[in-house]
Amino acid sequence: GNGMRNKKWIVIASALAVLLCGAGVLGMTDKGSIVLHKAFAWVDRVISNYEYVKESDHPIAFGSGSMQTYGSLQSLNENSVLVAEVKIIDQDTVYISQNPPSVETWSEAEIKQVFKGTESRETVTIIEFGGVIDQSKSTGNEMRSDGAPRKTEAIIESALEGSPVMKMGNTYIVFLKRSGTDKYSITGSIQGKIRISDTTNKGVVTIDPEVFAEHMNDLFWFQRKFAGKEKAEIAGELESL
């Protein structure tokens, strides 16, 4: 009856508590390295199923923000005015604020193939939040409250949810929304883009591996779906929408 079911759940909960405490004790014996090692081994196992490409040469500053996200290819497509394969041919970093430093990256993208939309220009400007920040340009936060100089990396990259902005010379398939009258932004902020490897011609993961492993079934389902697939296969799915 219900009593037995409740007892069963209590036993399971107790077993879980012991397991978790055990893991905690195990971790404490070696400053958490055993537990951490297990966590990283899991990330490595997940990411080994996909080709991962590191897209930033700088330390990453993880940012998060409220953004409209989409759960399916259909909804991503319906909410985009332009879906295309593009190559980034020029870029500018635009400072939104100096202190604390906050930037946008404006990319000039050459359109290689259009899957949806009627854009007649050969290149378009795509605006993404985040990018490379030169911290020497930020004034007012060089000193700590005790007057000692604050130690910071000179150059960092701001990456929304661990997803770096697109980079010069690289090729991507992007879902785009209008941003103002003549510019675009990524549909779902960081969802509607995937890099196509120049060497393998397949989709690759560019999101921080730990964040990707944690969110590949919700936030980054699009990258998970197409990472490792040939560009022709991805194009086929987009053309059938």
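Biologist: Which residues lie nearest the centre of the largest pocket?
Modeller: In this predicted model, local features need pLDDT of at least 70 and side-chain atom pairs pLDDT 80 or more, while totals for chains, interfaces and linings use all residues. Residues are numbered from 1 along each chain as its sequence is written, and side-chain values use heavy atoms, without hydrogens and water. The largest pocket (an open set of points on a 1 Å grid where a 1.4 Å probe fits, with protein on both sides within 12 Å along at least five of seven lines; lining atoms within 4 Å of a point) has 16 lining residues. Nearest its centre are I127, F129, S185, I186 and S189.

Biologist: Which strand supplies the largest share of the lining of the largest pocket?
Modeller: At least two lining residues come from each of strand 4 (123–129) and strand 8 (183–186), with strands being DSSP E runs of at least two residues and helices H or I runs of at least four. The largest share, three residues, belongs to strand 4.

Biologist: Is E55 buried or exposed?
Modeller: E55 sits in the loop between helix 2 (33–47) and strand 1 (60–63). Its relative accessible area is 8%; because the cut-off for burial is under 20% (exposed is over 50%, 1.4 Å probe), E55 is classed as buried.

Biologist: Which side chains make polar contacts with the side chain of E55?
Modeller: A polar contact here pairs a donor and an acceptor, N or O, within 3.5 Å. The side chain of E55 has such a contact of 2.7 Å with Y172, and another of 3.1 Å with R195. The partners are therefore the side chains of Y172 and R195.
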